[in-house]
Amino acid sequence: MTERLKAETLAVHAGRQSDPSTGAVSPPLYLTTTFQRDADGAYSTGFDYIRDSHPNRAMLERTLAALESGSDAVAFSSGTAATLAVFQAIGRGHIIATNDAYHGTLRQLKELVAGWGVEISFVATTSLDDVANAIRDDTGLIWVETPSNPLLRVSDIAAIRKLIAKRDIALAVDNTVATPITQKPLELGADIVVHSTTKYIGGHSDVAGGVVIGRDHPILRSARDYHSRAGAVPSAFDCWLLQRSVATLPLRARLHSANALALALFLDRHSGVSHVDYPGLGSHPDHEVAMRQMQGCGGVLSFCVRGGEREAMQVASRVRLFTRATSLGGVESLIEHRASIEGPDSHAPPNLLRLSVGIEHIDDLVADLGQALELLER
Ligand SMILES: *Cc1c(COP(=O)(O)O)cnc(C)c1O
């Protein structure tokens, strides 16, 4: 039945259960690590110990699987733990990964995964030719982050699926920046979707988590086993918080996208700004793919301040509503000088500021950036 329901309805109802013993409408927080066995030794509820499964986690996993049109989901204690669960499933061989993926993912590939004897090709997955040229006989996984950040490049998921149609290569998509409301990778041909639920799914900058979602794929089964063996399980309270947040994800995602587009258009016209990266703008190199593949272009955008690092830092120092902080996906707007947080190997230009556009009123956000940029011009 959930197959036919829309995202707004799934976000509220899918997976969620009222408590049969008390009638509590809001799902209770089950603060327990262990579960009672039946007299005959069976575990008829399906739960035995928190690391293997837990009611709050199971509920959240069902909800997230439904939102991504998957058959199952595995919730982790961070997005980073979720990405590692996918890479470990590949084991040996060769991985192709988006070259401007989240810097924590790039570091995980270089510093952990490469150490297992896996070879990794970092490729601009926006270019089908580059992806095709990187494929080898032992390629087991293509890891696509789209939109990437901070440059918001959009890779064509359906076209990459087509490219590898006759090969035994898995396609995984980090859908964190898009959200399942804005982009549905499994429907476009991906095998696996990963989210840092710390971001939009949590939505309030108060909980860390990650999830791997798929449709009965070997990587998903491996992630479920890995979960139990490696132990990066989320707490019951974190799952409860995420469950509560998911209900408003469709509303928030639409507002994040609308606010980001309006800000991108404002910045694009501003004389203190030399460049704006947002796939919703006609001038963005991947605008066409984004229009085909996404519903709204998400809440993250980057812009380059006219001048250099000093001018960018000045703008960041003068905002009043935007908070200077890393991360993205919360209800509050954030501004970040990306190059200095990523360090010396950063791909971000020195005058680039990344915005995580929140759900405040657009007029107030425009006014705040306007006053911060205006001072620069004097
Ligand atoms: C934040 C982020 C991650 C890592 O998630 P954590 O929850 O911080 O471990 C992975 N991918 C993307 C795109 C992210 O933004």
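Q: If two strands pair when DSSP finds at least two bridges between them, how many bridges join β1 to β7?
A: There are 5 bridges joining β1 to β7, the strand of residues 210-214, and the two run antiparallel. Strands (E, at least two residues) and helices (H or I, at least four) are DSSP runs, numbered from the N terminus.

Q: What sort of model is this, before I read on?
A: This is a predicted model, in which local features need pLDDT of at least 70 and side-chain atom pairs count only at pLDDT 80 or more, while totals for chains, interfaces and linings use all residues. Residues are numbered from 1 along each chain as its sequence is written, and side-chain values use heavy atoms, with hydrogens and water left out.

Q: OK, which bridge partners do A73 and V74 have?
A: Both partners are in β7: A73 is bridged to I213, and V74 is bridged to V212.

Q: And what is the strand order of the sheet with 7 strands?
A: That open sheet runs β1-β7-β6-β5-β4-β2-β3, and its pairing is mixed. At its edges stand β1 (72-76) and β3 (119-123), and because each has a single partner strand, one side of each is left without a neighbour in the sheet. From one strand to the next the twist averages 20°; for angles here, axes are lines fitted to C-alpha atoms, for helices over the stretch in contact, and the values run from 0 to 180 degrees between N-to-C directions.

Q: Which strands does α4 touch, and which does α7 touch?
A: Helix α4 (residues 103-111) packs on the sheet against β2 (94-98), β3, β4 (139-145) and β5 (170-174), and its direction makes about 150° with that of β3. Helix α7 (residues 218-230) packs on the sheet as well, where it touches β1, β4, β5, β6 (192-196) and β7, with its direction at about 35° to that of β1. Contact means heavy atoms within 4.5 Å.

Q: Back to the strands: how many residues of β1 and of β4 are buried?
A: In β1, 4 of the 5 residues are buried, so this strand is mostly covered by the definition used here (buried is under 20% relative accessible area, exposed over 50%, partly exposed in between, with a 1.4 Å probe and protein chains only). For β4 the count is 7 of its 7 residues.

Q: How does β4 run relative to β2 and β5, parallel or antiparallel?
A: Parallel to each of them, with 4 bridges joining β2 to β4 and 5 bridges joining β4 to β5. Across the pairing with β2, A97 stands opposite W143 in β4, and on the β5 side V144 stands opposite V173.

Q: Switching topic, where is H217, and is it buried or exposed?
A: H217 sits in the loop between β7 and α7, and it is buried because its relative accessible area is 16%.

Q: What is H217 in contact with?
A: Once its neighbours within four places in sequence are set aside, H217 is in contact with A170, D191 and I192.

Q: Same thing for R62: where is it, and what is it in contact with?
A: R62 belongs to helix α2 and, leaving aside its neighbours within four places in sequence, is in contact with G15 and Q17. Its relative accessible area is 40%, so R62 is partly exposed.

Q: How far apart are R62 and A316?
A: In sequence they are separated by 254 residues, and in space the C-alpha to C-alpha distance is 40 Å.

Q: Now the sheet with 5 strands: what's its order, and which strands stand at the edges?
A: It is an open sheet with the order β8-β9-β12-β11-β10 and mixed pairing. The edges are formed by β8 (273-277) and β10 (323-324), and since each has a single partner strand, one side of each is left without a neighbour in the sheet.

Q: How is β10 joined to β11?
A: The two run parallel, and 2 bridges join β10 to β11, the strand of residues 334-337. One bridge is between T323 and its partner L334 in β11.

Q: And which strands do α9 and α11 lie across?
A: Helix α9 lies across β8, β9 (300-305) and β12 (352-356), running at about 15° to β9. Helix α11 (residues 309-318) lies across β9, β10, β11 and β12, and runs at about 160° to β11.

Definitions and conventions
Two strands pair if DSSP finds at least two bridges between them.
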